[in-house]
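Let's take a look at a protein model together. Have the sequence and the 3D view ready, and we'll go through it bit by bit.

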Amino acid sequence: MVWKPQLETKTKTERARMDNEKPIVCVLDASTYVGFWILKGLLGRGFTVHAAIQKNEIQKRIREMEKVEERLEVFVVDVLDYHSILLALKGCSAMFCCLDSSDGYDEKMVDLEVRGAINVVEACAQTETVEKIVFTSSLTAAIWRENISSEKDVDEKSWSDQEFCRKLKLWYALAKTLSEQAAWALSMDRMLKMVSINSGLVLGPSVAQQNPRTTMSYLNGN
């Protein structure tokens, strides 16, 4: 009998990790505008990145990057499929969560984004490696209410009024409000470290031919 040692197989990012002291991090959804530039920034700083993407125009560009970037591994995920998120998180120490819809928002999309945020946080809680979540929300999660100009300061206690958003059909603001609140509640329950980034209007170099409808509505004066 000839004994043959079992060869240990490693993924592309695990091999890169051995040559790189910085931890592996996950960006989901890396195929959103903000997610794409976070992905680029992390790679530029020497991090190994799991890019969790959904099918859209930007994902084609990320696939091209994967061919030449040793520290990038791409995972196709469905945020409503908890197990697909777990696969993307394997070995990661942090999650950059950047949920968004380039096709605009309606009442149905609000529910989908909230469910997606819950799945992302729960998946992080079920790993043994994720230490922190950076959750990309929006300033619109904090400012929309009656007498909007009466509040001088916006801080972590500020939330948009849900009924006001529903009355004016501010679906984007409602989605960001409810998804961030759900992420905070679950992260605290699961004792996960989380920080939320509530940015205003994000502008920068073009990534895809299509501009997000939300951005275009603001530029058109809405």
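What follows is a short tour: confidence, then the sheet, then two helices.

## How sure is the predictor?

Keep in mind that this is a predicted model. The protein chain has a mean pLDDT of 87, and 85% of its residues get to 70 or more.

Where is confidence lowest, and where is it highest? The low end is helix α1 (residues 12-18), with a mean of 56, while strand β4 (residues 94-97) takes the top spot at 98. Also check out residues 1-8: pLDDT stays under 50 there, and the model gives this stretch zero contacts beyond four places in sequence.

## The sheet

Now find the open sheet, built from six strands with parallel pairing. Going across, you'll meet them in the order β3-β2-β1-β4-β5-β6. At the edges sit β3 (72-76) and β6 (193-197), each pairing on one side only. On average, neighbouring strands are turned by 20° against each other, ignoring direction.

Zoom in on β1 (residues 24-28) and β2 (residues 48-53): they run parallel and are joined by five bridges. If you pick out Val27, you'll find Ala51 of β2 standing opposite.

## Two helices against the strands

Which strands does helix α2 (residues 33-44) touch? As it packs on the sheet, α2 touches β1, β2, β3, β4 and β5 (132-136). The direction of α2 makes about 165° with that of β1.

Helix α3 (residues 57-68) lies across β2 and β3, and runs at about 140° to β3.

How values were computed
Residues numbered from 1 in each chain as written. Predicted model: local features only at pLDDT ≥ 70, side-chain atom pairs only at ≥ 80, totals over all residues. Heavy atoms only, no water. pLDDT = per-residue confidence, 0-100. Helix = DSSP H or I, 4+ residues; strand = E, 2+ residues; numbered from the N terminus. Contact = heavy atoms within 4.5 Å. Pairing = 2+ DSSP bridges. Axes fitted to C-alpha atoms, helices over the stretch in contact; angles between N-to-C directions.
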